[in-house]
Amino acid sequence: MDDTATAPLLTSHKAKLAKAPSIDDTIETYIGATGAMQLLKAFLLAFVWAFDAQQVFISVFTDAEPRWHCTGDDAPCSPAVASPCALPPGAWAWDRPAETSVVSEWALKCASPALVSLPASSFFAGCLAGGFLLTTLADSVLGRKKMLLVSMGSMSVAGVLTAFATNLWAYSALRFVCRFARSIVGTCTLVLSTEIVGKRWRDRVSVAGLFFFTVGFMSLPGLAYTFREASWRNMYLWTSVPSLCYCVLLYFLVQESPRWLLVRGRKQDAIEIASLNGNSVTSSFSMLHACTVSEDAEASGVFATLQTMWERPWALRRLAAIMATSFGVGTVYYGMPLNVGSLGSNLYLSVAYNAVAELPSSILAWLLIDRINRRSLLVTLTKAAGALSLACVAIPRGSPALMAVEILSFCATCTAFNVTLIYAIELFPTAVRNSAVGLVRQALVLGGVVAPVLVALGRERSFWSFGVFGIAIGCLGLFAACLPETRGRSMSDTMEEEEHKEKEATVAAIDTNSNSGLV
């Protein structure tokens, strides 16, 4: 009854452009009235973001520099000494057991900056390499589900092995492998969870994934505080083993994206998945046959999706604009948590406050995403985050006001982070969606690569951290104004379908301007 009532709304705007039903029409016919089983699978997928967040921020605690103290009154040591590196052996000691941190266990306190930053550098290098090499596989060869399981399983195994690293070099290598595999986990999760539900639930499922990312982030301070006197290796075991078990659970409970299967010409597989979800497909078999895209019709090959976007100016413009905005958001999103040490407060509480700040941002995104245009919302959020970050420069360190303003800026940034990913999903069709969203996330990571440098410079002068953060997100966020609006619009599945919509929007805008000129 509902499908019959809504069918004209889904097809009337395409009547002039195509006689055959689109994949979006067919998908909405099958899964428009999303059932309980589909929602359960979507939310099970969304929970993967919790494990993703743990791997992103775990090094804040495992690689933290512990406090130290003088061991005796006779030693040439005093609280005024900035670093113990110039002190003789035995004149100082760590406040906690050496195994509580990588820095203290492997004596990195007085090592060269390049050596100390090797694990973090390896982690980000792995993300960049994995993002560019793996991002297209989910669109071309493996599909969403297989790519998710392979990457999540590899990330979990690397995390377990990291707990048994015997030196800095092995630790850094395993962090590279973990980040390489993890680079595509969030993208596949976000894309697959939104493609298995109807349009009505798409925004809610997207926000749910980002909410679970917050849950994963919030779990770390409590876990780190529990193991504050124990080895840092416990952190990796207690985050990686559950992740590996959850990967096995997903293998049995979650199916492939029906959109991707139809785009790849795998009609029978799509029918089987629709049947598993409890939907009737026999009456619409001809509709599936009419809309299925032949695999030869779409570009094939590992990097063919990137070539497909490169050959279309509209796709390149969208990708460049959303990636520029994403870079600005990523600089602040990854930089603010790293900069908590400059606030002059407790590490556990500071990280916990920043983690909690993500919770209202997820709720805010859920409340606003259906009510305000994506473009306007993203520009407003980046401006607000930039202004608040710049305000932090003028507030003295150690002041409660600085913590409050920093959290508000981070909250606005987190909301912008959520909106950016949801926006990216809607800007690109199924044929290239995973690759495009993967590149957008890579831009976020590139912002994270720049952030540690700014944080280090900001220890002496806060403008180089908070000031540059504000300028970056405020200015780069303006690129979002160049993007088309996607709120309430159906998702495209092929590049040709998206081009039709682009032409329709252009014609509609010209007609509107002409009519307003006549009035």
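Cys-247 doesn't get a disulfide partner in this predicted model. Its sulfur is 9.8 Å from the closest cysteine sulfur, that of Cys-245, which is too far for a bond. A disulfide would need the two sulfur atoms within 2.5 Å, and by that rule the count for the structure is zero. Cys-247 is buried, at a relative accessible area of 8%, and Cys-127 is buried too, at 1%.

Cys-247 belongs to the buried set of helix H13, which also includes Arg-233, Met-235, Tyr-236, Thr-239 and Leu-250. The helix covers residues 233-253, and its length checks out: 21 residues at 1.5 Å a residue should span 30 Å, and the end C-alpha atoms sit 31 Å apart, which agrees. Two of the buried H13 residues, Met-235 and Thr-239, turn up again as contacts of Leu-220. Leu-220 itself lies in helix H12 (residues 199-226) and is buried, with 0% relative accessible area. Leaving out neighbours within four places in sequence, its other contacts are Ala-53, Gln-54, Phe-57, Ile-58 and Phe-61. Val-60 comes from that part of the sequence as well: Leu-220 and Val-60 are 160 residues apart along the chain, yet their C-alpha atoms are 9.3 Å apart.

Phe-410 tells a similar story. This residue, in helix H21 (residues 400-427), is buried at 0% relative accessible area, and its C-alpha is 7.4 Å from that of Val-332, a residue 78 positions away in sequence. For the chain as a whole, 83% of the contacts with a separation of 6 or more involve residues 24 or more positions apart. The secondary structure comes to 24 helices and two strands, and buried residues make up 54% of the 519 in the chain.

Salt bridges number 10 in the structure. Glu-195 takes part in two of the pairs described here. With Arg-144, the N to O distance is 3.0 Å; this pair links helix H11 (residues 185-195) to helix H9 (residues 143-162), 51 residues apart. With Arg-433, the closest N and O atoms are 2.6 Å apart, and here the link runs from H11 to helix H22 (residues 433-457), across 238 residues of sequence. Glu-195 and Arg-144 are buried, and so is Arg-433. Arg-318 and Glu-498 form another bridge, at 2.7 Å between the closest N and O atoms. Arg-318 sits in helix H18 (residues 313-338) and Glu-498 in helix H24 (residues 495-518), so this pair ties together parts that are 180 residues apart. Both ends are hidden again: Arg-318 is buried at 3% relative accessibility, and Glu-498 is buried at 0%. Asp-52, Arg-182 and Arg-441 are linked in a salt-bridge network.

On the outside, the chain exposes about 21,500 Å², with carbon and sulfur atoms supplying 66% of that area. A nonpolar surface patch of about 520 Å² is built from Leu-390, Val-453, Leu-457, Phe-463, Trp-464 and Ile-471. Leu-390, in helix H20 (residues 374-393), is partly exposed at 39%. Ala-107 is exposed, at 57% relative accessible area, and lies in the loop between helix H6 (102-105) and helix H7 (113-116). Its backbone stands out for a positive phi of about 55°, although Ala-107 is not a glycine.

Notes: Residues numbered from 1 in each chain as written. Predicted model: local features only at pLDDT ≥ 70, side-chain atom pairs only at ≥ 80, totals over all residues. Heavy atoms only, no water. Buried < 20%, exposed > 50% of the residue type's maximum accessible area, 1.4 Å probe, protein only. Patch = residues over 30% accessible without salt bridge, like charges linked within 9 Å, V, L, I, M, F, W, Y side chains within 5 Å. Areas by Shrake-Rupley, 256 points an atom, 1.4 Å probe, with all protein chains shown as cover. Salt bridge = Lys/Arg side-chain N within 4 Å of Asp/Glu carboxyl O. Helix = DSSP H or I, 4+ residues; strand = E, 2+ residues; numbered from the N terminus. Contact = heavy atoms within 4.5 Å. Expected span 1.5 Å × (residues − 1).
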